[in-house]
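Thanks for coming. Sequence and structure are going up on the screen now. I'll walk through them in a few minutes.

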Amino acid sequence: MFCWGKKDRTPVVKATGARFGINLISAVSGEGTMRYMTINGRFNADQFISFLKQLVRTHDQPVLGGG
């Protein structure tokens, strides 16, 4: 978080203190290229399928799973 204040004065930032979260899914190719997608809210099967479709569209070789 960035804020600006007058010179020689400590800036005061008003905040609610509310927490937030974000989900992330990622994949790394054999060459070291990383692909990721951020997801607001809960992660579900539809979002996973969407991520896999994006991977398939951007790669000319098969997408393999690992674990």
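One definition before we start. Strands here are DSSP runs of E, at least two residues, numbered from the N terminus. With that in hand, R35 is found in strand β2. We'll come back to R35 later. Also keep in mind that this is a predicted model.

Overall layout. The protein has 1 helix and 2 strands. Along the sequence, the pattern reads β-β-α. There are 67 residues in the protein, and buried ones make up 9% of them. About 6700 Å² is exposed, and carbon and sulfur atoms supply 54% of that area. Now contacts with a separation of 6 or more. Residues 24 or more positions apart account for 11% of those.

Next, the core. Which residues form the largest nonpolar core? It has 5 residues: I25, M37, I39, F51 and L55. Two elements give two or more residues each to this core: β2, spanning 34-39, and α1, spanning 45-58. As background, nonpolar side chains in soluble globular proteins tend to be buried together.

Take I25 from that list. I25 is found in strand β1. Is I25 buried or exposed? Its relative accessible area is 11%, and the cut-off for buried is under 20%, so I25 counts as buried. What does I25 touch, leaving out residues up to four places away in sequence? The set is R35, Y36, M37, I39, F43, F48 and F51. Pick out the pair I25 and F51: they are 26 residues apart along the chain, and their C-alpha atoms are separated by 8.0 Å.

Now look from F51. Leaving aside its neighbours within four places in sequence, F51 is in contact with I25, S26, A27, R35, Y36 and M37. I25 and M37 are core residues too.

Back to R35, as promised. R35 is partly exposed, with a relative accessible area of 35%. Beyond four places in sequence, R35 touches I25, S26, A27, F51, L55, T58 and H59. I25, F51 and L55 in that list belong to the core. One more distance here. R35 and Q54 sit 19 residues apart along the chain, with 9.3 Å between their C-alpha atoms.

On to the surface. L24, V28, M34 and Y36 form a nonpolar patch there. Together they have about 450 Å² of accessible area. Which elements give two or more residues to this patch? They are β1, residues 23-28, and β2. M34 is one of the patch residues, and M34 is found in strand β2. How accessible is M34? The value is 48% relative accessibility, so M34 counts as partly exposed.

Aromatics next. The count comes to 1 aromatic pair. The pair is F43 and F48, edge-to-face. The centres are 6.3 Å apart, with 80° between the planes. That geometry counts as edge-to-face because the planes are over 60 degrees apart. Both rings' residues have an accessibility value. F43 is partly exposed, at 40% relative accessible area. F48 is partly exposed as well, at 37%. Recall that F43 and F48 are both among the residues I25 touches.

Two stops outside the strands and helix. S29 is in the loop between β1 and β2. Is S29 buried or exposed? S29 has 18% relative accessibility, so S29 counts as buried. S29 and H59 are 30 residues apart along the chain, and their C-alpha atoms are separated by 9.7 Å. H59 came up before, among the residues R35 touches.

Last stop, D8. D8 lies in the segment before β1. Its phi is near 65°, a positive value in a residue other than glycine. For context, most residues other than glycine have a negative phi. D8 is exposed, with a relative accessible area of 76%.

To recap. The pattern is β-β-α. The largest nonpolar core has 5 residues. L24, V28, M34 and Y36 make the surface patch. F43 and F48 are the edge-to-face pair. Thanks, happy to take questions.

Methods:
Residues are numbered from 1 along each chain as its sequence is written. This is a predicted model: local features need pLDDT of at least 70, side-chain atom pairs count only at pLDDT 80 or more; totals for chains, interfaces and linings use all residues. Side-chain values use heavy atoms; hydrogens and water are left out. A nonpolar core is a set of buried Ala, Val, Leu, Ile, Met, Phe, Trp, Tyr and Cys residues joined through side-chain atoms within 4.5 Å. Buried means under 20% relative accessible area, exposed over 50%, partly exposed in between (1.4 Å probe, protein chains only). Helices (H or I, at least four residues) and strands (E, at least two) are DSSP runs, numbered from the N terminus. Contact means heavy atoms within 4.5 Å. Patches are made of residues with over 30% relative accessible area and no salt bridge: like charges are joined within 9 Å, nonpolar side chains (Val, Leu, Ile, Met, Phe, Trp, Tyr) within 5 Å. Accessible areas come from the Shrake-Rupley method with a 1.4 Å probe; for residues, only the protein chains shown count as cover. A salt bridge is a side-chain nitrogen of Lys or Arg within 4 Å of a carboxyl oxygen of Asp or Glu. Rings of Phe, Tyr and Trp (its six-membered ring) pair if their centres lie within 6.5 Å; planes under 30 degrees apart count as stacked, over 60 as edge-to-face and the rest as tilted.
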